[in-house]
Each structure stands twice: as structure tokens, then as C-alpha cells.
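Notebook open, model loaded. I want to go through a few spots one by one and jot down what turns up.

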Amino acid sequence: SHSSLYWFAGSDDFCPVGSIYPNLKESSLFLYPNQDVYFPPCKRYHISAPFVFAGGKFEQKKPSIEVLPDECLFEIFRRLPGGQERSTCACVSKRWLTLVSNIRRDEISDNKTPQASDLEHENTNKKGGVSAEDVDSDVEGDGYLSRSLDGKKATDIRLASIAVGTASRGGLGKLFIRGSKSRHVVTTVGLRAISRGCPSLRVLSLWNLSSVGDEGLCEIANGCHQLEKLDLCHCPSITDKSLLAVAKGCPNLTDLTIEGCANIGNEGLQAIACSCPNLKSVSIKDCPLAGDQGVASLLSSASYSLTKVKLQALNITDVSLAVIGHYGKAVTDLSLTSLPNVSEKGFWVMGNGHGLQKLKSFTVTSCCGATDSGLEAVGKGCPNLKQLCLSKCPFLSDKGLSSLAKAAGSLECLQLEECHRISQFGFFCSLINCGAKLKVISFANCLGIKDLNSGLPPLSPCESLRSLSIHNCPGFGDASLFALGKLCPQLQHVELCGLHGITDAGVLPLLESCEAGLLKVNLSGCVNLSDKVVQTISNLHGWTLELLNLDGCKISDASLVAIAENCQLLTDLDISKCTITDSGIAALAHFNPINLQILSVSGCSMVSDKSLPSLGKLGETLLGLNLQQCKAISSRAVELLTEQLWRFPSSGMICYYFLSLKMGVGFFMAEFP
């Protein structure tokens with residue numbers, strides 16, 4: 001009994017029988033060890049001080065709650081009334097974070113008594129509805145939150161934090177993880193936290209995670225049953241076992257991407273095919289164990305839902321293409337890349353399978369089976385084909401391209417790259433035979449194209465063509481451009497890049513024939529073009545021109561004067577490596593109507609510090625400025641320009657600049673997101 005304490009009169013001993021507590025550690029109940037000031041133990045905090053006084057010295061002591069085993073703490077945490085309370089507890093230590101993140105949603109205890117629940121129901125009925133405050137913060141959300149972890153940030157601790165933090169804020173819907181070679185990596189522990197705390201997860205992307213194996217992905221499959229999109233790239237430890245679990249636990253899967261996963265093969269793909277009938281998009285790349293059996297199962301099981309198919313660097317044969325041609329009834333986008341075991345027969349059978357009636361976009365890259373007859377069959381079997389991209393097809397000739405263009409009557413976009421057997425004849429035949437719907441034609445790095453030796457016979461113009469792009473085709477010359485000027489009067493976008501063989505004599509007729517008004521003109525790398533071309537563009541198309549790239553052209557200040565006077569809608573101008581001076585920059589700044597947002601003057605050695613006032617005036621509208629390799633501009637001028645541009649608060653820009661002895665001076669601006 002402690003009654004003797006209340007009868008203390010001041011003259012008697014404080015406690016004649018000795019210490020109040022046999023255990024000296026209980027002396028922490030005194031405010032000071034050497035003073036008789038006592039606080040009775042009527043109420044104590046759950047967490048005591050980290051030090052106690054015993055034996056004449058302080059000893060470190062764990063808080064009393066930390067003595068509890070994990071099982072007890074787990075039971076405490078799951079009985080907390082709301083998600084905010086659990087999030088607060090998770091901030092205490094890594095141990096608490098780990099425990100909180102391992103609580104499944106169905107393990108959270110409902111602490112409301114029956115009477116409280118009845119009262120809440122009664123109040124709700126009186127109000128006629130439920131307010132935000134009436135709803136428990138732990139109610140499963142729609143999963144509209146997105147999180148991305150990259151490099152060193154991709155760790156188990158961060159995943160646990162995400163699992164706890166998003167649980168009471170609407171739920172995690174999308175998670176993107178890109179690993180690195182850091183010591184701290186993502187493992188099964190982190191994915192387990194996500195699986196238990198984020199059942200609303202719909203999109204999961206795992207990149208470069210060699211530390212993640214089947215156990216981690218199985219945790220996701222067991223806890224995230226709403227998963228719709230799965231992206232596995234360069235995860236070598238993941239095998240078919242993971243896909244078996246995903247197939248069983250995530251039947252709503254619609255998008256599957258597998259790249260560089262050497263241990264995923266036919267068994268996993270077949271499991272997905274059997275259990276996920278709503279697949280809409282499949283992309284499989286560089287998986288040596290994936291063959292015809294697995295790919296064919298995927299394609300045939302989702303015949304009426306699968307719209308996008310991408311197959312690259314696989315050991316499949318003509319069998320898979322035959323299945324695509326027969327079962328691809330809903331496929332709209334098809335991409336085939338680096339399929340060495342697919343022959344001409346595979347493309348022919350695919351085209352004659354009559355299943356690709358809805359195909360709109362078809363891309364073929366580095367496939368030796370893409371021959372004249374094979375592609376012609378595809379053109380005939382795909383009546384709704386609108387976009388065709390052919391790259392590195394060594395056996396495609398002029399005859400095949402012409403036949404394909406004639407067969408694909410709905411074609412709107414034709415792109416060819418590194419098809420070296422295509423000559424000028426094939427180019428013009430495709431342009432003429434594609435019909436009245438062709439809007440875009442692009443040829444790049446086709447070394448077989450040579451300039452016309454003689455004029456073309458009278459041909460009807462291609463009124464539908466709006467965009468012409470010729471990149472790095474060295475044989476393309478003035479005669480070809482002259483012919484194009486007669487065939488394509490409605491061009492709005494013109495890109496002639498790296499064509500050293502064209503001059504003013506070829507470009508001017510093309511520019512003069514464009515009746516609709518050009519919006520974008522890219523002449524970069526055409527080193528034989530002069531001011532006359534720019535003046536013609538400015539005079540004829542200045543009222544519509546928005547982008548002009550003259551990188552490397554032989555233009556002078558006269559071109560900038562013409563641009564400033566006529567191109568009031570111009571927003572993007574590149575005059576890199578041109579022979580312009582400070583006078584040209586001053587001309588641009590002098591005409592107020594010009595509204596440039598992007599300006600590149602890289603490599604203009606005659607632009608100096610004298611252009612500082614003009615650049616400052618242009619900076620009122622600029623969002624991007626490139627002054628790399630302008631060696632006549634000093635670092636001090638860049639600093640002054642930086643200070644001046646910061647004075648335009650309405651432009652909302654962040655400014656970046658750097659100095660380099662080798663690169664010269666550079667200065668960039670980027671708009672706030």
C-alpha cells in the first residue's frame with residue numbers, strides 16, 4: 001500500500017521501509033533520481049523514455065512497444081481505425097513499415113460496434129446520402145494513382161511505402177519499375193507489399209529487374225486480380241511459372257508485353273491463351289523459347305479481341321503467320337521484325353488467309369520472307385490497309401512495290417527505309433498506283449534510287465498527297481523534284497533531308513506548284529540550296545508556314561530578312577551552320593509580328609555578342625534557344641542573356657545554359673510542365 005505517502009508530515013523519513021519498488025529500474029517514475037518528487041503510476045504512456053537510471057548510471061532501453069513480437073504489432077496495426085493511422089505508424093521505422101505493408105485488405109479488422117454501425121446507418125438515412133467524411137478511408141479505390149520508380153529509387157522500402165501510402169488515397173492503379181545495378185534492388189519483398197496493399201493495381205511494368213523472380217510475380221498474381229496490363233522487359237529470372245500464376249489470378253489481362261525474358265516459353269504463353277480470353281495487345285520480343293506453339297495459342301484463343309500484335313526476334317516459322325492470317329479477325333496493327341525462319345510462303349499464306357480484313361497498319365522489318373509475291377498477297381488480303389512500313393527488305397523490288405501499291409487500294413501512308421532494290425521507277429509507280437487516298441509517302445536511305453534520265457510520260461496528278469519525305473537518298477536529284485512538282489500540287493509538308501544532289505533548279509518548281517500553302521518545310525543537309533529558295537518559300541508560303549529547317553544550307557542574312565517580313569506564323573526556325581551574321585538576327589528581332597518559339601543558331605560562327613539585344617527581344621516569345629558552337633558569343637553574354645530572359649514572368653520558362661571549351665556556348669530554355 002502507498003497510503004503512508006499521503007501521511008508524510010515532513011519530519012519523518014520519506015519511506016522508512018526502503019525503496020518503494022523492489023526493482024530499481026522503476027525509479028524512472030521519479031522526475032529526478034536525487035529528489036523526492038514522485039508521480040504515481042495512475043496512467044503511463046505506452047512508449048517510455050529510451051534511457052533509465054539504474055545502479056547510478058543511465059542504461060539504454062528499447063521502447064516498451066518494441067519489445068512486442070511482430071505478431072502482436074501486426075494485430076495492433078490491422079485493428080487501427082483508418083488508413084491514415086496506419087500510414088502514420090508506417091513512418092516510425094522500417095520494421096513498422098514492413099509490418100503495415102504486409103496487411104492484406106481483407107485482414108483489416110472492422111472496429112465498429114453494432115450500436116455504432118446502426119447509429120451511422122441511421123444518420124446516413126436522415127441526411128439522405130453519404131458524404132466523404134462518412135466513408136471509411138480504407139474503402140477500396142478505383143486505382144487512379146500512378147507511381148514510377150527508376151534506378152536507385154527502385155527499392156523494396158519505396159514499394160512498401162507506396163503500398164501503404166496509396167491505400168487510403170484512391171488506390172494504386174499503375175506501377176512502373178525500371179531497375180539498375182544499384183546495391184538496393186527490388187525483390188519479392190517489395191512486390192509482396194504491393195500485392196497486399198494494392199489490390200486495385202491494373203498496370204504493372206517491370207524493366208531490367210534481374211532480382212525479381214517467379215515468387216515476386218506470383219505474389220502480384222495472387223493479390224492483384226484486377227491486373228489488365230503486364231509489361232516484362234529484361235527480367236531473366238522470370239519463367240513460365242510466373243505466367244501460369246498470372247493466367248490463373250488475372251483473367252482480365254488485356255495487354256501483354258514480354259521482351260528479353262529468356263526463360264519464358266510456350267507453356268506460359270499457352271496458359272495465358274487459355275485463361276485470358278480478352279487479350280487486346282500482345283508484344284513478344286527476343287524470347288528464344290517462344291515458338292509457334294505458344295504464339296499460335298495466343299493468336300487463336302483471342303481471335304475476336306486481339307487488335308495489336310508485335311513479334312520480333314523469335315524462332316517462329318510460317319505456321320505462326322498462317323495462324324495470324326486465319327485467326328486475326330480483329331487485328332488492326334501488325335508488326336513483324338527479324339523473323340529469320342519465316343519464308344515467302346508464310347507471308348503468302350497469311351495474305352491469302354482472308355482473316356486480316358480489319359488490318360490497318362502493317363510493319364515489316366528485316367524479314368527475308370517479305371518478297372514481291374508475299375507482300376502482294378498481303379496487299380490483296382487486307383482491303384482496309386492504311387499504313388504500310390517496309391524496312392530492310394532486301395528482296396523487295398520495283399515490281400513488287402508497284403503491285404503492292406496497286407493491290408492496297410485504301411493505303412494512306414507508305415514508308416520505305418533501306419530497301420535498296422527500289423529505284424526511281426518503283427518510287428513513282430507506287431506514287432501513281434496507290435490510288436486517290438495516299439496522303440503520306442516517305443523514303444529513307446534507299447540507295448537504289450537514281451535521278452531520272454528522261455522525263456515521265458503524262459500522268460494524272462496525285463491530288464491526295466499532303467506529305468513528302470525523302471531522307472538521305474543520294475540519287476534523288478533535280479529531275480525527280482521537277483516531276484514531283486507536277487504530280488503533287490496539294491503538298492503541305494515537305495522534307496528533303498541530306499540530298500546533296502538537289503539545287504535551286506529542282507526545288508523551286510516543287511515549291512511553286514504547291515497550291516495549298518506549305519506548313520512545314522525541312523531542307524536540312526541540302527548544302528546546295530541558296531537564299532533564292534528561302535525567298536521563294538517566304539513569298540509564296542509565308543502566310544501558312546509554321547516550321548522551317550535550313551540546317552546546313554547556304555543561306556545568308558537576306559533569307560532572314562525575307563523570313564521576318566513574310567512569315568508571321570512561323571514558330572520553329574532552325575538556321576544552324578548557316579552563314580548568317582548579327583545583322584540577320586537583328587532583322588528577325590526588328591519585325592514585331594514574328595512569333596518565334598523555337599530558334600536554333602547552332603554552329604553559326606559569325607553570330608557574336610552584338611546579337612545579345614536582338615536575342616533578348618526574341619526571348620519574349622521563345623520557349624527554346626540553341627546557341628551551341630557559337631564560338632563568337634562569350635560566356636558573359638550568355639549570363640547577361642540569362643538574366644534578361646528571366647525577367648519575362650509571363651513566358652513561364654526555366655532557363656538552362658552551359659559552357660564548354662570544345663562545344664562553345666549553349667543556352668536552352670524549357671517551358672514549365
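Helices and strands here are DSSP runs (H or I of at least four residues for helices, E of at least two for strands), numbered from the N terminus. With that settled, I looked up His541 and found it in helix H19, residues 531-541.

Ground rules before I go on. This is a predicted model, so local features need pLDDT of at least 70 and side-chain atom pairs count only at pLDDT 80 or more, while totals for chains, interfaces and linings use all residues. Residues are numbered from 1 along each chain as its sequence is written, and side-chain values use heavy atoms, with hydrogens and water left out.

**Entry: His541**

I asked myself: is His541 buried or exposed? It is buried, at a relative accessible area of 1%; buried means under 20%, exposed over 50%, and partly exposed in between, with a 1.4 Å probe and protein chains only. Its side chain reaches the backbone oxygen of Leu511 at 3.0 Å. I count a polar contact as a pair of N or O atoms within 3.5 Å; within protein, one must be able to donate a hydrogen and the other to accept it, and residues adjacent in sequence count only if both atoms are side-chain atoms. Setting aside neighbours within four places in sequence, His541 contacts Leu511, Cys514, Gly517, Leu518 and Thr536 (contact means heavy atoms within 4.5 Å).

**Entry: whole chain**

I stepped back for the totals. The protein chain has 23 helices and 23 strands. It runs to 673 residues, and 49% of them count as buried. Taking contacts between residues at least 6 apart in sequence, 78% join residues at least 24 apart. About 32100 Å² is exposed, with carbon and sulfur atoms supplying 54% of that; these areas come from the Shrake-Rupley method with a 1.4 Å probe, and for residues only the protein chains shown count as cover.

**Entry: positive phi**

Two non-glycine residues caught my eye. His234 has a phi near 55 degrees and sits in the loop between strand S6 (229-233) and helix H9 (240-249). His234 is partly exposed, at 32% relative accessibility. Ser338 has a positive phi of about 50 degrees, in the loop between strand S10 (333-337) and helix H13 (344-351). Ser338 counts as partly exposed too, with a relative accessible area of 28%.

**Entry: H9**

I followed the His234 loop into H9. Why do I call H9 largely enclosed by the rest of the structure? Because 7 of its 10 residues are buried. The buried ones are Asp240, Ser242, Leu243, Ala245, Val246, Ala247 and Gly249. Their cover includes helix H8 (214-223), S6, strand S7 (255-259) and helix H10 (266-275).

**Entry: Thr371, Lys386, Leu401**

Thr371 is in the loop between strand S11 (361-365) and H14, and it is buried at 12%. Its side chain makes a polar contact with the side chain of Glu344 at 2.5 Å. Beyond residues up to four places away in sequence, Thr371 touches Glu344 and Phe395.

Lys386 lies in the loop between helix H14 (372-381) and strand S12 (387-391). It is partly exposed, with a relative accessible area of 29%. I noted a C-alpha to C-alpha distance of 8.1 Å to Ala408, 22 residues away in sequence. Contacts of Lys386 outside the four-place window are Lys360, Ser410, Leu411, Glu412 and Cys413.

Leu401 is in helix H15 (398-407) and is buried at 1%. Its C-alpha is 8.0 Å from that of Ile422, 21 residues along the chain. Ile422 is also one of the residues in contact with Leu401, and others include Leu414, Leu416 and Phe443.

**Entry: cavities**

How many cavities of 30 Å³ or more does the structure hold? I get 2. On a 1 Å grid over the protein atoms alone, a cavity is a set of points where a 1.4 Å probe fits but cannot get out, and lining residues have an atom within 4 Å of a point. Grid points are joined across faces, edges and corners, and a volume is the space filled by probe spheres set on the points.

I looked at the second largest, about 40 Å³. Its lining includes Ser608, Asp609, Leu627 and Ile633. H22 (612-618) and H23 (635-645) each supply at least two lining residues, and H23 gives the most, with 3.

Terms used
On a 1 Å grid over the protein atoms alone, a cavity is a set of points where a 1.4 Å probe fits but cannot get out, and a pocket is an open set with protein on both sides within 12 Å along at least five of seven lines; lining residues have an atom within 4 Å of a point.
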